[in-house]
Amino acid sequence: MAYTLAQIYEALSKTENGGAMVADLQEAISKTRDEAAKNRIERNKVLDSLNLRDGGNVDESLKNLAALLAVVQQQGGDPAQLGSQMQSLQAQVKELTDKYAASEKKAKEEHDRRVQTAIRSKAMAALTNGKAINPEAMLKVIADNISMKDDDTVVYRNGDTELSLEDGVAGWLKDNPWAVKNDMQTGTGSNMNTGGKKQYSMEDLKGMSREEINAHWDEISKGVDK
């Protein structure tokens, strides 16, 4: 038969000096509870630091940890310093990782700049050689079709077809005659005779759609008023 504390207190109170014994027992129980709570808090701190508190077999994990520390001690290591050494190592690894990431980012940015510079230079040359009216403006129109391959070759993509940059630009200019300069010679000391038709300016062309330019190509091809 197991007695409750209340029954034990009642029995002790009926004996000589029973009140004092009950008080001593209560104090002893209180100290035991306080020590148990303190030990539990300390134990939980250890478990929290090891990420073991919320899952897994805690007793088995602590057993394995104790075995690991024993091995470290046998090898002449100091478990007390192991934690700080690991933290230092982690900090060094993070620093190196951050430096590597920054270096990779910088290298990529520099590579992208070189690629864009090379693409622009070669595309402008192809447009100029093709006698584009305004190579700078025309480059913006066809820029999405131009790219650089892994071997640094600049190519022109017309749909699914890959062409050399020169062939691609020449083909585009051929398909879009409005973008090409008119090389017809004008009369000395006078403007080209447009037969009474409107002579378009660059500002006019900028505001016209491709369809409009093609529709008025006969007039535009006779000269553009800059």
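**Exercise 1.** Determine where Asp152 is placed and what is notable about the phi of Asp152.

*Solution.* Step 1: Asp152 belongs to the loop that joins strand 1 (146-148) and strand 2 (154-158); strands are DSSP runs of E with at least two residues, helices runs of H or I with at least four, both numbered from the N terminus. The model is predicted: local features need pLDDT of at least 70, side-chain atom pairs count only at pLDDT 80 or more, and totals for chains, interfaces and linings use all residues. Residues are numbered from 1 along each chain as its sequence is written, and side-chain values use heavy atoms, with hydrogens and water left out. Step 2: the phi of Asp152 is positive, about 70°, although Asp152 is not a glycine. Step 3: most residues other than glycine have a negative phi.

**Exercise 2.** Locate Lys131 and classify its accessibility.

*Solution.* Step 1: Lys131 sits in the loop between helix 4 (79-129) and helix 5 (135-142). Step 2: its phi is positive, about 65°, and Lys131 is not a glycine. Step 3: Lys131 is partly exposed, because its relative accessibility is 42%; buried means under 20% relative accessible area, exposed over 50%, and partly exposed in between (1.4 Å probe, protein chains only).

**Exercise 3.** Describe how buried and exposed residues are arranged on helix 6.

*Solution.* Step 1: within helix 6 (residues 165-175), the buried residues are Leu165, Gly168, Val169, Trp172 and Leu173. Step 2: viewed down the helix axis, these buried residues fall within an arc of 130°, so they line one face of helix 6; the arc is taken from the directions from the helix axis to the C-beta atoms. Step 3: the face turned away from the buried side carries exposed Glu166, Asp167, Lys174 and Asp175.
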